[in-house]
Amino acid sequence: MTVSNHRWRNFKNAVIQAATFACAVLVVTPLVLVFYHLVTQGFTSINWAFFTQLPRPEGEAGGGMANAIVGTFLLLGQAALFGVPVGVLGGIYLSEYGGPHLNWWIRFAADILNGVPSIIWGIVVFALLVVHNVSLFGHVLIPRGFSAIAGGLVLGLMMIPLVMRTTEEVLQLVPGGYREAALALGIAKWKTIAQIVVRTALKGIVTGVLLALARVAGETAPLLFTAFGNLGWAHKLTEPIAAMPLQIFIYAIGPYDDQHRQAWAGAFVLLVLVLAINIGVRFLTRDRFARRS
Amino acid sequence: MNAVATSENLPATRSGDWHFGDRAFQWLTLAMAAVIFALIVLIGWELARGARPAMHQFGWGFLISTDWDPVNEKFGALPFIFGTLVSSAIALLVAVPISIATAVYLTELAPLWLRQPLIMFIELLAAVPSVILGLWGIFVMVPWLRDHLFPWLQKCFGFLPLFKGPIYGVSMLAGGIIVAIMIIPIITSVSREILRSVPGLQREAAYALGATRWEVTRIAVLSYAKKGLFGAVILGLGRALGETMAVTMVIGNSPQIAASLFAPGYTLASVIANEFNEATGSLYTSALIELGLVLLGVTVLVNVAAQLLLKTFAGPSVKPQH
Amino acid sequence: MPLISTQAVSTPPDLKSTGAPALTVRNLSVSFGGNQVIKHASLDIAARAVTAIIGPSGCGKSTFLRALNRMHELNPEAHVTGEIRLFGQDLYSRSIEPVIVRRRIGMVFQKSNPFPTMSIADNVTVGLRLNGVRARKVLAERTEQTLRMAALWDEVKDRLHAPAISLSGGQQQRLCIARALAVEPEVLLMDEPASALDPLATAKIEDLIVQLRKDYTIVIVTHNMQQAARASDFTAFFYLGELIEFGPTAKVFTHPSQKRTEDYVTGRFG
């Protein structure tokens, strides 16, 4: 009985091996296809005008996404401003201070926040900044309406739980011996953390921040009712501003072929930016990942 | 005369300095960490506040009403709840078997040289923004579905109400498929972590009994990891529920409840994305925010379940997922 | 009558009763990466007897044991050379699959590892079911038989369907022994089976080994010399990857021919 049973078992083994391999291929296929189309449709539409010109009014061909490109970077800059200090400092608390009970709740809450749909974030900041004026002591700081600040804020808020968790993880990797050595030298705890522990983990923290930035760079939904988009330049941070994902979306669902062409081009540039950050970061920290199986 | 350094020779430091610095830094970082809780409260509060007019107007009936009539200011959530649930269900049906099979392949069956490249590919797929996948969806996937897959499905299974009716391409099924593509990376990578955490001793026990590779996986790994894998699936579901852009671009955006998978649909996230800026009148906006509240509620519940499952299963903590 | 027929790879029945060795190991060398852990070991494992492998930590005892049932193939960095024959059959030849080798040579590990998602009974029969034995009556009989052999039957007969992890450490280890015995191996390898157990449980395991010796060939790795002296018929002493001495237990412990053996068994090192 064993011999025939054995052949059957080997056969099953081989079939499963093939089937799971096929699934792995299936998983990789969309990425390959997306990239293929981005290159064939998008790359070919990239020209100097794309990077330097503003969008043309509806229906007219030509123009570019200069404002959207600049807008994306402006928004990311603000997001970093809002999100990084809070995230990193919060991560420091999680790693270096706090009790096990409290920290469990903070981490749990951060993980839940990470799961909140991005469009919900958009609604929240809309209600905060767009619906009414933001005033301090009777002086209007941010008038109502869509604005670049609102866009930057929403992306920054989304970054906070991400950066907090990655910062904590990275700080945990710093060997306890460093902290002990510094404390034994009589250096205050906060200086130990700020100057020694954080500096040791700096590369990892920066990595986490960059990955979070790459993630929010591609977000569209929350920008729909905060930054809103702009066919021209935003001259002040309190004006609506264009951003690449927004522009791609608007062009994609529009009826004009030329806009579709530009959407592909924009998507290509955006994907290159996002992937460049992801790959670059992985490349730079590759010794950290070398042991993974 | 003595050259011994005493505390009088060392630079003067007041013990108060250290004390102050430590306390201040600790409070600062605690405050930043507590921002997390503040954000949760903020989200809940702002949504509840914005939704209140609509909640007041429509009550619980909102959840089961199929009206969506902005002109007459009659709103109901059912088509969107239906759309979100159905598209997410389709996404899970498609994504879960493929993801878990891939995770098994990557951890147990694949040749070693192939693992890292594949893992990297999958992580790159996770990084693709939703709007770009949506763009590809509109111009590449949907036409292909419309011209090839859907007609074939209708030919083979057209007797089922699921596959009856006109084929536009943009459809509930297209929405489900694109969400599947988006959640596959997260389910795969969390499942991989879960499978890797199964102790080697379990695998060895199975090998020592003379089991084949697949049998080892089945007996020692998969059954051990059941709970964690389920958590990974629920995490994927949470992600699926909140998917906005890619879905909006391929689902057809029609607030109807239809039996056919080829019919256009509408999800909670999509309707908010499409109509929020067009909403005239505060009741309209409030109704949309109430939809957001429903979405938030469902998503948070699902995520809490997933996190609890994952935290009580795996020893090493599961990384924050993007 | 064996439950699992092994027609294609059967042992000539007369070899078992003629006192021929169960396993013959010739020139076995095992290295990991560039590091050689076992150096040219050769010995004969007698059938229906207990052979103990002793030596200080890191001498390669477990590595030697695992070479016998081709467990090193799970490790991509492992390199095994030499010849190992089971009743005359070359275990590493291309015509035999490791899966078959491992069914004929069973293994019990240092830390008990019953499958936690299975009941006690299912753990015992998992090997049989994998090999195609499905008849419930046969499985039940075999379960009782092996659990009795493992001296566990009386303790668990009323809760065969309880989860295996509800048992104590010592009971789990005996369950693992029953699980290994259920597939009717010709040789049973035990890698420090009692090292994680308390003295009471250890004593039970040792009694078990003495009982099993009547029907099975057993190779046991142990760092506990008293255990080796009590329970085994033959002893092999390894040191830094080399087989220093091999012979009947009584001789190795009372009149060892190598100085290093004598130093080890008298506790001068290790």
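Q: How many residue pairs are in polar contact between domain 1 of chain A and domain 2 of chain A?
A: This is a predicted model, and chain A splits into domain 1 (3–43) and domain 2 (46–284). Salt bridges won't help you here, as the count between domain 1 of chain A and domain 2 of chain A is zero. Of the residues on the side of domain 1 of chain A that touches domain 2 of chain A, four are nonpolar, three polar and none charged. For residue pairs in polar contact between these domains, with both residues at pLDDT 80 or more, the count is two.

Q: What area is buried between domain 1 of chain A and domain 2 of chain A?
A: The C-alpha centres of domain 1 and domain 2 of chain A sit 35 Å apart. Each domain of chain A brings seven residues to the contact. Carbon and sulfur atoms give 82% of the buried area, and the total between the two domains is about 740 Å².

Q: What area is buried between chain A and chain B?
A: Interface size is often quoted as the accessible area lost when the parts come together. Here 87 residues of chain A are in contact with 82 residues of chain B. Carbon and sulfur atoms give 78% of the area buried between chain A and chain B, which comes to about 8,000 Å².

Q: Which helix gives the largest share of the side of chain A that touches chain B?
A: Start with the polar side of things: the interface of chain A and chain B has twelve residue pairs in polar contact, both residues at pLDDT 80 or more. The largest share of chain A's side, 19 residues, comes from a helix spanning residues 2–42 of chain A, namely α1.

Q: How many residues of the side of chain A that touches chain B are charged?
A: Three salt bridges cross the interface of chain A and chain B. One pair in a salt bridge is B:Lys311 with A:Asp111, at 3.0 Å from N to O. On the side of chain A that touches chain B, 63 residues are nonpolar and 16 polar, while the charged ones number eight.

Q: How many residues apart are A:Glu96 and A:Arg179, which link distant parts of the chain?
A: Over all chains, the salt bridges come to 28. A:Glu96 and A:Arg179 form a salt bridge, with their closest N and O atoms 2.7 Å apart. A:Glu96 belongs to helix α3 (residues 66–96) of chain A and A:Arg179 to helix α7 (residues 176–184) of chain A, so along the chain the gap is 83 residues.

Q: Which strands are the edge strands of the open sheet in chain C with the order β2-β1-β4-β5?
A: That open sheet has four strands with antiparallel pairing. An edge strand pairs on one side only, and in chain C that picks out β2 (35–46) and β5 (89–90).

Q: Which residue in β2(C) stands opposite C:Phe32?
A: Strand β1 (residues 21–32) of chain C runs antiparallel to β2(C), and eight bridges join them. Opposite C:Phe32 in β2(C) you'll find C:Asn35.

Q: Which residue takes a positive phi in the hairpin of β9(C) and β10(C)?
A: Strand β9 (residues 234–239) and strand β10 (residues 242–248) of chain C pair antiparallel over six bridges. Across that pairing, C:Phe238 stands opposite C:Leu243 in β10(C). The hairpin has two residues between the strands, and the one with a positive phi, near 50°, is C:Leu240.

Technical notes. Residues are numbered from 1 along each chain as its sequence is written. Chains are lettered from A and ligands numbered from 1 in the order in which they are written. This is a predicted model: local features need pLDDT of at least 70, side-chain atom pairs count only at pLDDT 80 or more; totals for chains, interfaces and linings use all residues. Side-chain values use heavy atoms; hydrogens and water are left out. Two strands pair if DSSP finds at least two bridges between them. Domain bounds come from an automatic or database domain assignment. Contact means heavy atoms within 4.5 Å. Buried area is the accessible area (1.4 Å probe) that two parts lose on being put together, summed over both. A salt bridge is a side-chain nitrogen of Lys or Arg within 4 Å of a carboxyl oxygen of Asp or Glu. A polar contact is a pair of N or O atoms within 3.5 Å; within protein, one must be able to donate a hydrogen and the other to accept it, and residues adjacent in sequence count only if both atoms are side-chain atoms. Ala, Val, Leu, Ile, Met, Phe, Trp, Tyr, Cys and Pro count as nonpolar, Asp, Glu, Lys and Arg as charged, and the others, Gly among them, as polar.
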